[in-house]
Amino acid sequence: MSKASELREHDDEQLELELRDVQKNLFRLRLQSETERLEATGEVVKAKRQVARIKTILRERQIGRERAAAEPAAS
């Protein structure tokens with residue numbers, strides 16, 4: 001699991017790829033949980049948090065781009 005500071009070093013494409021990988025892993029973990037084959041139940045929580053971290057960083061960047069585009073237009 002990566003910290004938010006480590007994730008911020010990646011560009012948007014890398015974050016999108018990481019997000020897809022974590023979401024696939026989360027799906028697999030949920031499936032294992034339902035079939036009672038999951039031993040480490042904390043992994044589901046960790047994966048959810050990782051998804052939230054990545055989505056938050058991507059959204060922060062999107063808001064930053066929108067503000068930067070709106071500032072020259074307002075001047």
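Accessible areas here come from the Shrake-Rupley method with a 1.4 Å probe. With that in hand, welcome to a tour of this predicted model.

**View 1. The whole chain is built from helices.** The protein chain has 3 helices and 0 strands, and it reads α-α-α along the sequence. Its C-alpha atoms fill a box of roughly 60 × 20 × 15 Å along the principal axes. The radius of gyration is 16 Å, whereas a compact globule of 75 residues would have one near 11 Å. Of the contacts with a separation of 6 or more, 76% join residues 24 or more positions apart.

**View 2. The surface of the chain comes into focus.** About 5,900 Å² of the protein chain is exposed, and carbon and sulfur atoms supply 49% of that area. Buried residues make up 19% of the 75 residues.

**View 3. Helices H2 and H3 share the largest nonpolar core.** This core holds 13 residues, and Leu15 and Ile54 touch the most other members. Helix H2 (12–34) and helix H3 (42–74) are the elements that give two or more residues to the core. H3 provides the largest share, with 6 residues. In soluble globular proteins, nonpolar side chains tend to be buried together.

**View 4. Here is helix H2, with Leu15 among its buried residues.** H2 has 23 residues and reaches 33 Å from its first C-alpha to its last, close to the 33 Å expected at 1.5 Å a residue. Its buried residues are Leu15, Leu19, Val22, Leu26 and Leu29. An α-helix has 3.6 residues a turn, so residues three or four places apart point the same way. Setting aside neighbours within four places in sequence, Leu15 is in contact with Leu7, His10, Ile54, Ile57, Leu58 and Arg61.

**View 5. Lys55 sits in helix H3 and touches Leu19 and Gln23.** Those two contacts leave out residues up to four places away in sequence. Lys55 counts as partly exposed because its relative accessible area is 44%, between the cut-offs of 20% and 50%. Look also for Glu34, which is 21 residues from Lys55 in sequence and 25 Å from Lys55 in space, C-alpha to C-alpha.

**View 6. Glu36 has an eye-catching backbone angle: a positive phi of about 60°.** This residue comes just after H2, in the loop between H2 and H3. Glu36 is not a glycine, yet its phi is positive. Most residues other than glycine have a negative phi. Glu36 is exposed because its relative accessible area of 73% is over the 50% cut-off.

Technical notes:
Residues numbered from 1 in each chain as written. Predicted model: local features only at pLDDT ≥ 70, side-chain atom pairs only at ≥ 80, totals over all residues. Heavy atoms only, no water. Core = buried A, V, L, I, M, F, W, Y, C linked by side-chain atoms within 4.5 Å. Buried < 20%, exposed > 50% of the residue type's maximum accessible area, 1.4 Å probe, protein only. Helix = DSSP H or I, 4+ residues; strand = E, 2+ residues; numbered from the N terminus. Contact = heavy atoms within 4.5 Å. Expected span 1.5 Å × (residues − 1). Rg over C-alpha atoms; globule rule 2.2 N^0.38 Å.
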